[in-house]
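Student: Please take a close look at a single strand in this model. I would like to know what surrounds it and how the chain enters and leaves it.

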Amino acid sequence: MSTLFSRFYGKINQISPLENNFTGVLDAIAVKPKMLYFRGKIPENMMDDDLTKRPKCVAIVGTRHCTKYGEEVAYKIAFELAKRGVVVISGLAYGIDSIAHRAALDAEGVTVAVLGTPIDQIYPRAHEGLAREIVEKGGAIMSEYAVGEKVYPKTSFLARNRLIAGLSDAVVIVEAAERSGSLNTAMHALDQGKELFVVPGDITRPMSAGCNRLLKQGANPYTGIDDLLDFYFPKRRKAGLKQIVLFGDTPEEMSLIKIMHDGVKNGEEMVQKAGMSVALFNQTMTMLEIKGLVRSLGANQWMLK
């Protein structure tokens, strides 16, 4: 293990899965990991005051060769859930995996990357910066393989898919070919009794063949973010949960809403606290007003509705 790696990623931790609420669910899967190695912070429940509860978790996986459609859908799902406190889990791969991690970070949420390589070996190397950002922003990179352990990629990457599914309450498949590692994750989800959501795809595209086959076999079709919000927050329509209605659709909107939620009403003060230009502030506030989330009080004073 290089000194450079240690400096960028911090201490390597190891735990038995049963030592933590987040990882304890892995005791229920068929092939249990003996030990888990991680850098960063194991996610905690942030949704209410009961710290004994496990955080809500979703796995978002799909093809490495995604289309623009797949990219947009994966980003939207991860962003919307992460900003509501749901932990986004994926495999740090090219394509859908990395998009899901990025969206969770953009939403200022928590994301966990499960590696198919030893904990000191980030793969692909191009995602070392993404892995470092995940750790720096409160998430974790995790592996069942210790430093320097010998692995065989053809089997280790498939083996880690059981952990991605196992750590999650639900698995979402975004674009998958007829033969895809994502389908392996889907099979693990079904075997483990996890909820499986699949994004329908263009029937003329090879990258949609696997998804459409899962739908024919009875998987839940993903038709919009409400499908997942109703799964994770079943009482949201009746209770009107505050943490749901107080979120915007962009990082800028989220930043300003949080500032107003903290009691700041003056536009100039919000600009300073958000660190954004006046033009971007005006544009963002206009969108929030159109969406009915804020109200102008006049004289550059604002309030949440």
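Tutor: A residue is called buried under 20% relative accessible area, exposed over 50% and partly exposed in between, with a 1.4 Å probe and protein chains only. The model is predicted, so to speak of local features requires pLDDT of at least 70 and side-chain atom pairs count only at 80 or more, while totals for chains, interfaces and linings use all residues. Residues are numbered from 1 along each chain as its sequence is written, and side-chain values use heavy atoms, without hydrogens and water.

The strand is β5, residues 111-114 (strands are DSSP runs of E with at least two residues, helices runs of H or I with at least four, numbered from the N terminus). It is covered on both faces. Thr 111 and Ala 113 are buried on one side, and Val 112 and Val 114 are buried on the other.

One neighbour is β4, residues 87-90, which runs parallel to β5 and is joined to it by three bridges (strands pair if DSSP finds at least two bridges between them). In this pairing Ser 90 lies opposite Ala 113. Between β4 and β5 the chain passes through helix α4, residues 96-106, in a right-handed β-α-β crossover (with the strands pointing away from the viewer, the path from the first strand over the helix to the second runs clockwise).

Another neighbour is β6, residues 140-143, also parallel to β5 and also joined to it by three bridges. Here Ala 113 faces Ile 141 of β6. Helix α5, residues 128-136, completes a right-handed β-α-β unit with β5 and β6. Ala 113 thus stands opposite Ser 90 as well as Ile 141, and Ala 113 is itself buried.
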